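Reader: Please show me how surface accessibility and helix geometry are to be read in a structure of this kind.

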Amino acid sequence: MRRIISVLLENEPGALSRVVGLFSQRNYNIETLTVAPTEDETLSRLTVTTTGSDKVIEQITKQLNKLIEVVKLVDLTEGAHIERELMLVKLKATGSQRAEIKRTVDIFRGQIVDVTSSVYTVQLAGNSEKLDGFIQAVGTSGVLEVVRSGVSGIARGEKVLSL
Amino acid sequence: MELLSGADMLIRSLQDEGIEYIYGYPGGAALHIYDALFRQDKVKHILVRHEQAAVHMADGYARATGLPGTVLVTSGPGATNTITGIATAFMDSIPMVVLCGQVASTLIGEDAFQETDMIGVSRPVVKHNLSVRHPEEIPEIVRKAYYIASTGRPGPVVIDIPKDMTTPNERYEYIFPKKVKLRSYNPAIRGHAGQIKKAVDMLMAAKRPIIYAGGGVILGKATDQLTELVRMLGYPITNTLMGIGCYPASDKQHIGWLGMHGTYESNMAMHHSDLILCVGARFDDRVTNATEKFCPGARIVHIDIDPASISKTIDADVPIVGPVDAVLKEMLTLVRESKEKPDADAIAAWWKQIEEWRAFHGMRYETSPDVIKPQEVVEALWRLTNGEAFVTSDVGQHQMFAAQYYKFDKPNRWINSGGLGTMGFGLPAAMGVKLSFPDDEVLCITGEGSIQMNIQELSTCNQYNLPVKIINLNNQALGMVKQWQDMNYESRHSQSYMESLPDFVKLAEAYGHVGVRIDRKEDLVPKLKEVLAMKDKLVFVDINVDRFEHVYPMQVARGSMKDMWLSKTERV
Ligand SMILES: Cc1ncc(C[n+]2csc(CCOP(=O)(O)OP(=O)(O)O)c2C)c(N)n1
Ligand SMILES: [Mg+2]
């Protein structure tokens, strides 16, 4: 099953490589990985999406917790949560395609953030399926380049991941 | 205010940490540190002949004393030479701090002379590693390193020290922190009371219980609590290779160690049990055999300080995360106060069954009128040393024979590389033990293959007068490899012969020691007696043992715990 694990990590050199190393060393999957500092400059927040049986996920969280630089972690998929991913896409846009793409972007609540005579650059945020859906809707033949941020997530309601 | 250079701070921190011995080897990036060492006499340095041996020495010391060992090496090749030793300690959860020189911080990343990314290289085999970014941080980093290495589930910690962090004429204020603050590292200090209660209820209700104890009992200094609990309950106990000595082997409740080369009775008892109380062990593949066939009727209580060890390979019904000594103490209280008592009839029937298994096989081997059997060498040593020696070992058949036929009644005396299985461990580990226990008998039971992996340390033994006794069970082969080839490859002995063996007697003499060769069976005991009488000499005893012997019992690959070969021809 797919899981989103959110980690508060000491913001120190080498900490990230320990997390990444753990996944490859123990043969766990990483589907997406995002990391950035938080409002507390001593901490980074890392979000990793992974798949595995319940047993594997349990090991992943336990092994992550064993890393000295991991301060706290939560498996967001255990409760209600919000997940978002940002995507930037360059699309071939000439002639009648231009209006068509514009309509699709509106439907997906994206924005065209850069324009040339033959290319639109589209920005889109949402959960991963929505981003996949957009690519499908515009058709892969018109896609010139895609960059996705990987998933960030946060629990719904009052629950917070903090010290 | 006391001003010290980084190098002096490092050595001062070791003093303040109470470190008596460090094992190491100098080189460019560590020279400031070596100079600081020279200018004091509290911390004593042992100069090995290969950095791997320094780590195994620190490891042997740690296993025998329960205290963290310390290693000091230079950058690049000095640091990479420690990796096998660090991985050995990591697999067996041995506390140790490895101080590595590094090129100056201004050169890092430029492929400078003797630059290696030791933080990166060591990462998968350490509990943690730290690098020094400012000389002032050194005392705190040292304190942290020892704290992390020796608390929770212990393990090796590496400190990477760029040369410019130890520059002699740059001085900073020295403050040795009293306490370590680590917001993200808080090992459990007691187990969950509800879970412990549940475990005790299950223990009382069990009809075919078994206690399965591991190295965690020794590391967690919980042998007394374990022994008391086992005696109070009257249940059978088995332990892992790493747990040898956690419960007296000569006691009748002890049914031997378990797993691939464990006793018939312990593997049978595990397989047929209805309750396994696992204390500080980790259900590894050398114990469980095929996990899907593991102990089908057993419920499992698992006590461990490391949550990740629980339900990793075998699911626990009652997981208890906590230090084994504290958890066992609570269990003892509950057992004492419990209104329920063990089911006497069921337990008696269970013991009757176990005694039948024990009588059916037990530990046995065929003797021969003229060839020396490796097992009888170990038995003779056990008798001649009253079972009280420290015994280190290497890896192979000799290791298994040593573990099977030397009966340890005390913890910390059986010292071997169980998790990584590192040939070359035995001699340096014995040296680390002997240095700290000069009045005790220290035996290194080895093979002619393994001993040659760190034989250069005979020179170190000469320098520091370390009169260990090396018992070379010389079968003229990489015996364990050959055994597998006999069993699985129709005796095609691919690269398992040790051709052109040296004359070990002359070799020992060349290093300034005594060499003794034993070829004839009738010489075995008298010569061993002579050897053991040479208290202040290192004696290398080269014993010509049966070249065709196999280690049994041996679990059948991919079988359950009860599927074993008992000899070359008997399979159960
Ligand atoms: C460093 C290392 N390399 C290879 C092995 C694989 N190995 C395991 S046992 C063994 C043979 C050991 O031979 P010896 O020391 O003579 O012991 P014996 O089995 O003959 O008693 C080998 C090569 C190992 N455990 N460690
Ligand atoms: Mg051999």
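Reader: Is A:Val35 buried, partly exposed or exposed, and why?

Author: Buried means under 20% relative accessible area, exposed over 50%, and partly exposed in between (1.4 Å probe, protein chains only). A:Val35 counts as partly exposed because its relative accessibility is 39%. The model is predicted: local features need pLDDT of at least 70, side-chain atom pairs count only at pLDDT 80 or more, and totals for chains, interfaces and linings use all residues. Residues are numbered from 1 along each chain as its sequence is written, chains are lettered from A and ligands numbered from 1 in the order in which they are written, and side-chain values use heavy atoms, with hydrogens and water left out.

Reader: Which residues make the nonpolar surface patch?

Author: A patch is made of residues with over 30% relative accessible area and no salt bridge (a side-chain nitrogen of Lys or Arg within 4 Å of a carboxyl oxygen of Asp or Glu); like charges are joined within 9 Å, and nonpolar side chains (Val, Leu, Ile, Met, Phe, Trp, Tyr) within 5 Å. Here A:Leu16, A:Val20, A:Ile30, A:Leu33 and A:Val35 make a nonpolar patch of about 320 Å², with areas from the Shrake-Rupley method, a 1.4 Å probe and, for residues, only the protein chains shown as cover.

Reader: Which elements of chain A each supply at least two residues of that patch?

Author: Helices (H or I, at least four residues) and strands (E, at least two) are DSSP runs, numbered from the N terminus. Helix H1 (15–25) and strand S2 (32–37) of chain A each supply at least two of the patch residues, and A:Val35 belongs to S2 of chain A.

Reader: How is the span of helix H2 of chain A to be judged?

Author: The expected span is 1.5 Å times one less than the number of residues. H2 of chain A (residues 54–66) has 13 residues and reaches 18 Å from its first C-alpha to its last, close to the 18 Å expected. Its buried residues include A:Ile57, A:Ile60 and A:Leu64. Among the elements that cover them, by contact (heavy atoms within 4.5 Å), are strand S1 (2–10), H1, strand S3 (43–51) and strand S4 (70–75) of chain A.

Reader: How many residues of helix H3 of chain B are buried?

Author: In H3 of chain B, 14 of the 15 residues are buried. This helix (residues 51–65) should span 21 Å, and its end C-alpha atoms are 21 Å apart, which agrees. Just after H3 of chain B, B:Gly66 takes a positive phi of about 80°.
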